[in-house]
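User: Hi! I'm new to this and would like to learn how to read charged pairs in a protein. Could you walk me through it?

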Amino acid sequence: MSIQVDSRKVKSGDTFVAIKGLNIDGHDFIDKAILNGATEIIAEKGDYSVKTKIVENTRVYLANYLKEKYKEDLSKIKFIGITGTNGKTTSCYLIYQALNKLGVKTAYIGTIGFYVDGKVKDLDNTTPDLIDLYEMFDYCIQNKVEVIAMEVSSHALALDRVLGLGFDYASFTNLTQDHLDFHESLENYEKAKIKLFENLRNDKIAVINGDDPYYKDFCLEQNNNVIYGTNINSDYRITSYNLNIDSSEFTFIYDRKEYDVKLNIPGKYNVYNYMNLLIILHKMGYSIEQIIGLSQNLTAPNGRFETLRYKEAVIVIDYAHTPDAVENIINSVTEYKKGRIITIIGCGGDRDKTKRPIMGTIATEKSDFVIFTNDNPRTEDEKAIMDDITKPLIKNNFTIKYNRKEAIIEGIKMLNQNDILLILGKGHEDYQIINHEKIHFSDLETAKEFICNN
């Protein structure tokens, strides 16, 4: 592409657009962009040695430029956007799998990467910035992709990373506390997510979890709102479910007809994630029977309720890193536990501090024993993070082990027959961020290595 927002990527003849980001202002890198060969600058202020265009808002300018450039090609692709505190990755990844199995070439963009016929690349953000998104869209166009299923984060919505994009289908999974370091209040967090539903196109299908207390706020008048859940007012109403360590079975009613589904994916919350898939595909024109027929061939993304067997115990690795997600996964395994639940968990540094004591309380109240350890401490003091988690705790059923590898090994060594070990917070991630350094580390690799050697 001839337009760039990262001065390091600029080549001779490129146009550089100076975007104000969360932590970095592109205006500070204009001289570097010119040095690298930029022949035109789009900025909100300043006078430079090459052709310069001053605009009121460079992000809006870029969005309009890209929208116009790709308008015709992107109008032929269906866009699915999933937002919510939890469930975005699994919902999108299930949609990506199911549509491809139906012969519809589908791309996935989100937390675990960019996928077209398998993973194309890893991503730094759940929802990448505009220029990166359009590079992926360009790849999708060249590879004849018909549908793009995207996770749409609150940061992306608040920072206008998806400005100008038209979504055909949007889904709201849930709203619980997270990212208050950025949004400052739950109200602002919710407003950011609602933005996804304000500019839907074509049939304007909005799929909404009716069991979430905030669901009515997402039911905008201009959209065709479809409600799911156990709520009596749900269009697709879940009436019963049966959970196992490696599967889920449930029944739902649509249009007065009852349907049974079996998934080889455990967890009550995954029943809700699956409903996003089912409803969106149903609204795309596929029969419910056809969609259910695919169900047992679907798999969860890496790092989502990923299970290992160790002797006569089970180890579960999951990305759960919010109070709601942690509570959901512990509640899920509690329904079929026969032994103890041991939980390994931490909280990220330089992020929302208010959720730390909440997560610590949930872990100790709902587990038999907890090992608190480092997540991604980043530049924050690990002891300060741990104090935030543990100081308010009433129960004393925990220990602290800062080294994550040692914590995982200790947790596995504690396992007796029928125990369940939950290793939470990092899931698919294969790194730890300590200070500003990204160090290779994988919960899954660590657990597998110990099991193989013991």
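User: Let's start with one residue: is K105 buried, partly exposed or exposed?

Analyst: Just so you know, this is a predicted model. K105 is partly exposed, because its relative accessible area is 23% and the buried class is for values under 20%.

User: And which residue does K105 pair with in a salt bridge?

Analyst: Here's the general idea: side chains of opposite charge can pair when their charged atoms come close. In this model, K105 pairs with D117, and their closest N and O atoms are 3.1 Å apart. The two are 12 residues apart, with D117 in the loop between β7 and β8 and K105 in the loop between α3 and β6. D117 has 58% relative accessibility, so it counts as exposed.

User: How many salt bridges does the structure hold?

Analyst: There are 18 of them. Another one joins D368 and K337, at 3.2 Å from N to O. D368 sits in the loop between α11 and β19, and K337 in the loop between α10 and β18, so this pair ties together parts that are 31 residues apart in sequence. D368 is partly exposed at 35%, and K337 is partly exposed too, at 32%.

User: What about E410, which residue does it form a salt bridge with?

Analyst: That's K401, with the closest N and O atoms 3.5 Å apart. E410 is partly exposed, with a relative accessible area of 27%, and K401 counts as partly exposed at 25%.

User: Which residues are joined into one network by salt bridges that share partners?

Analyst: Those are K353, R356, E380 and D388.

Terms used:
Residues are numbered from 1 along each chain as its sequence is written. This is a predicted model: local features need pLDDT of at least 70, side-chain atom pairs count only at pLDDT 80 or more; totals for chains, interfaces and linings use all residues. Side-chain values use heavy atoms; hydrogens and water are left out. A salt bridge is a side-chain nitrogen of Lys or Arg within 4 Å of a carboxyl oxygen of Asp or Glu. Helices (H or I, at least four residues) and strands (E, at least two) are DSSP runs, numbered from the N terminus. Buried means under 20% relative accessible area, exposed over 50%, partly exposed in between (1.4 Å probe, protein chains only).
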